[in-house]
Amino acid sequence: MAQRLTKDTPLVVASHNKGKIREINDLLAHYGLSIKTAEELDLEEPEETGLTFEANAELKALAAAKATGLPALADDSGFSVDALDGDPGIYSARWAGPDRDFNQAMRNVEEKLRALDATSPDKRVCRFVAVLCLAWPDGETQFFRGEVEGHAVWPPRGGNGFGYDPMFQPEGYDITFGEMTSDQKHDWAPGRERGLSHRSRAFKLFADACLEG
């Protein structure tokens, strides 16, 4: 039986990424948990040496849980383009360089797609992937994976969201994640079957398994 979090349970969000922290806090808001972030607690960021989203999420969650003695939730996510053999994938942040310049990262993706003559939507199929890992101080871990498919657009559109959001148009929509409000992007609430974004779909699985309320 998976361990569950109850109202007022302290939970560490094991991230220093302000965009991820904001989205996870939005998704957790209904549940009344006492949230602290790795940034607020001045925790070191572990080196992401894993070769999968699951491995990297586990590294971050376990490091925070062991450092604080509290349950910790970590996200590892990325932008995966079929024509690029799944790249940038787990290296999505690294494509943005040390300055986390995602405008440059999106240009890098576009340049590689154009080099392959991938200009039509059917040649620009891509997806966002998110894996949440909940880790407990005793070393137990639980994983929740969400994906959403769409195609890469150029030029990027919209100033909302973060990362590659402005170049990702989800299947069935005519606007990008960068043009959506947070509510539109997540399209999730307790009791709903699932959300739209990769993170909200992973969060739905996490909420059903681990949250009360």
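Visitor: Which strand holds the place of D75?

Guide: Happy to start there, keeping in mind that this model is predicted. Going by the strands as numbered from the N terminus, D75 has its place in β3.

Visitor: Is D75 buried or exposed?

Guide: The relative accessible area of D75 is 4%. Buried means under 20%, so with its 4% D75 counts as buried.

Visitor: Which residues does D75 touch, leaving aside those up to four places away in sequence?

Guide: Two of the partners also make side-chain polar contacts with D75: K20 at 3.0 Å and R199 at 2.9 Å. The full set of residues that D75 touches is K20, I24, A57, K60, A130, V131, L132 and R199.

Visitor: Now to the pocket: which residues are the closest to the centre of the largest pocket?

Guide: The largest pocket has a volume of about 720 Å³. Its lining is made up of 36 residues. Of these, the closest to the centre are N17, K20, E48, K60 and A93.

Visitor: Which element gives the most to the lining of the largest pocket?

Guide: Three elements, α2 (53-68), β3 (72-81) and α5 (198-210), each supply at least two lining residues. With 5 residues, the one that gives the most is the strand where D75 has its place. That strand is β3.

Visitor: How many charged residues does the lining of the largest pocket have?

Guide: Sorted by class, the lining has 15 nonpolar and 9 polar residues. Asp, Glu, Lys and Arg are the ones that count as charged, and in this lining the charged residues number 12.

Conventions. Residues are numbered from 1 along each chain as its sequence is written. This is a predicted model: local features need pLDDT of at least 70, side-chain atom pairs count only at pLDDT 80 or more; totals for chains, interfaces and linings use all residues. Side-chain values use heavy atoms; hydrogens and water are left out. On a 1 Å grid over the protein atoms alone, a cavity is a set of points where a 1.4 Å probe fits but cannot get out, and a pocket is an open set with protein on both sides within 12 Å along at least five of seven lines; lining residues have an atom within 4 Å of a point. Grid points are joined across faces, edges and corners, and a volume is the space filled by probe spheres set on the points. Helices (H or I, at least four residues) and strands (E, at least two) are DSSP runs, numbered from the N terminus. Buried means under 20% relative accessible area, exposed over 50%, partly exposed in between (1.4 Å probe, protein chains only). A polar contact is a pair of N or O atoms within 3.5 Å; within protein, one must be able to donate a hydrogen and the other to accept it, and residues adjacent in sequence count only if both atoms are side-chain atoms. Contact means heavy atoms within 4.5 Å.
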